[in-house]
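Trainee: I would like to go through the terms used for this model and see what each one rests on.
Mentor: Go ahead, and ask for the value behind each word.

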Amino acid sequence: MSDVTVVPAERRVFIDKQNPTAYKALLAAAEAARAAAADAGLDRRLVELVNLRVSQLNGCAYCLNVHTRAALREGETTQRLGVLPAWRDTELFTARERAALALAEATTDPADAVVQEAAYALAREALTEEEISAAIWVAIAINSFNRVSIMSKHPVRPTPGL
């Protein structure tokens with residue numbers, strides 16, 4: 001076990017608040033990614049699945065909380081949300097969703113060339129070029145927000161009714 005000094009959450013810098021101009025630019029990029037997804041025909045439920053899968057891989061509690069609520073608002077089912085970490089092992093996701101999820105995972109951890117090429121091959125079979133690009137941009141955006149929230153230790157508070 002290594003000696004690690006843990007900085008309490010209340011002593012973390014909320015980098016989105018500390019540098020609002022940079023955060024506003026990130027928000028604008030995320031808006032553009034969502035618009036690209038909508039223009040390409042990717043529905044908001046699929047965008048939220050990508051946001052959730054990336055946030056699961058990154059371990060971002062704050063973004064998982066935000067995007068779980070968003071997915072539920074968009075009509076996503078608790079069953080599909082519950083099995084999302086094991087999406088490959090179910091019949092619950094369409095070919096388009098599988099392709100977008102594979103791209104999201106490859107975008108989140110791009111170092112594995114074999115995984116990246118397999119994800120791209122799957123995407124080429126199920127998605128248009130516009131959808132591929134949009135799915136990757138959505139994954140890039142949520143990866144950025146994950147890092148903002150993880151490094152800031154944004155708190156997750158109980159939500160009544162959930």
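Trainee: What makes E105 count as buried or exposed?
Mentor: This is a predicted model, so the values are computed from its coordinates. E105 has a relative accessibility of 10%, and buried means under 20%. E105 therefore counts as buried.

Trainee: Which residue does E105 meet in a salt bridge, and why is the pair called that?
Mentor: The partner is R88, at 2.7 Å from N to O. The cut-off is 4 Å between a side-chain nitrogen of Lys or Arg and a carboxyl oxygen of Asp or Glu, so the pair qualifies. E105 is in helix α6 and R88 in the loop between α5 and α6, 17 residues apart. R88 is partly exposed, with a relative accessible area of 48%.

Trainee: What does the pair R96 and E131 tie together?
Mentor: R96 lies in helix α6 and E131 in helix α8, so the salt bridge ties together parts that are 35 residues apart in sequence. The closest N and O atoms of R96 and E131 are 2.4 Å apart. E131 counts as buried at 7% relative accessibility, whereas R96 is partly exposed at 31%. Elsewhere, salt bridges that share partners join R45, E76, R80 and E97 into one network.

Trainee: How far apart are the closest N and O atoms of D16 and K17, and how do you know that this is a salt bridge?
Mentor: They are 3.8 Å apart, and the rule asks for a distance within 4 Å, so the pair is counted. D16 is buried at 7% relative accessible area, while K17 is exposed at 61%. By this rule the count comes to ten salt bridges.

Trainee: Why is α3 described as largely enclosed?
Mentor: Eleven of its 15 residues are buried, so the rest of the structure largely encloses α3. Among the buried ones are L46, L49, V50 and N58. The cover over the buried residues includes α2, α4, α5, α6 and α8.

Trainee: How do you know that the span of α3 agrees with what is expected of a helix?
Mentor: At 1.5 Å a residue, its 15 residues should span 21 Å, and the end C-alpha atoms are 21 Å apart. For α8, the 24 residues reach 35 Å from the first C-alpha to the last, close to the expected 34 Å.

Trainee: Which residues have the most contacts inside the largest nonpolar core?
Mentor: They are L42, L49, V50, L84 and L127, in a core of 38 residues. Helix α8 gives the most to this core, with nine residues. Leaving aside neighbours within four places in sequence, L127 is in contact with L42, R96, A99, A100, L103 and I132.

Trainee: What makes I150 partly exposed?
Mentor: Its relative accessibility is 31%, and partly exposed covers the values between 20% and 50%, so the term fits. I150 is in helix α8. With V13, I15 and M151, I150 forms a nonpolar patch on the surface, with about 330 Å² of accessible area together. Apart from neighbours within four places in sequence, I150 is in contact with R12, N58, G59 and C60.

Trainee: Why is the phi of K153 pointed out?
Mentor: Most residues other than glycine have a negative phi. K153 is not a glycine, yet has a positive phi of about 55 degrees. K153 comes just after α8 and counts as partly exposed at 40% relative accessibility.

Notes. Residues numbered from 1 in each chain as written. Predicted model: local features only at pLDDT ≥ 70, side-chain atom pairs only at ≥ 80, totals over all residues. Heavy atoms only, no water. Core = buried A, V, L, I, M, F, W, Y, C linked by side-chain atoms within 4.5 Å. Buried < 20%, exposed > 50% of the residue type's maximum accessible area, 1.4 Å probe, protein only. Helix = DSSP H or I, 4+ residues; strand = E, 2+ residues; numbered from the N terminus. Contact = heavy atoms within 4.5 Å. Patch = residues over 30% accessible without salt bridge, like charges linked within 9 Å, V, L, I, M, F, W, Y side chains within 5 Å. Areas by Shrake-Rupley, 256 points an atom, 1.4 Å probe, with all protein chains shown as cover. Expected span 1.5 Å × (residues − 1).
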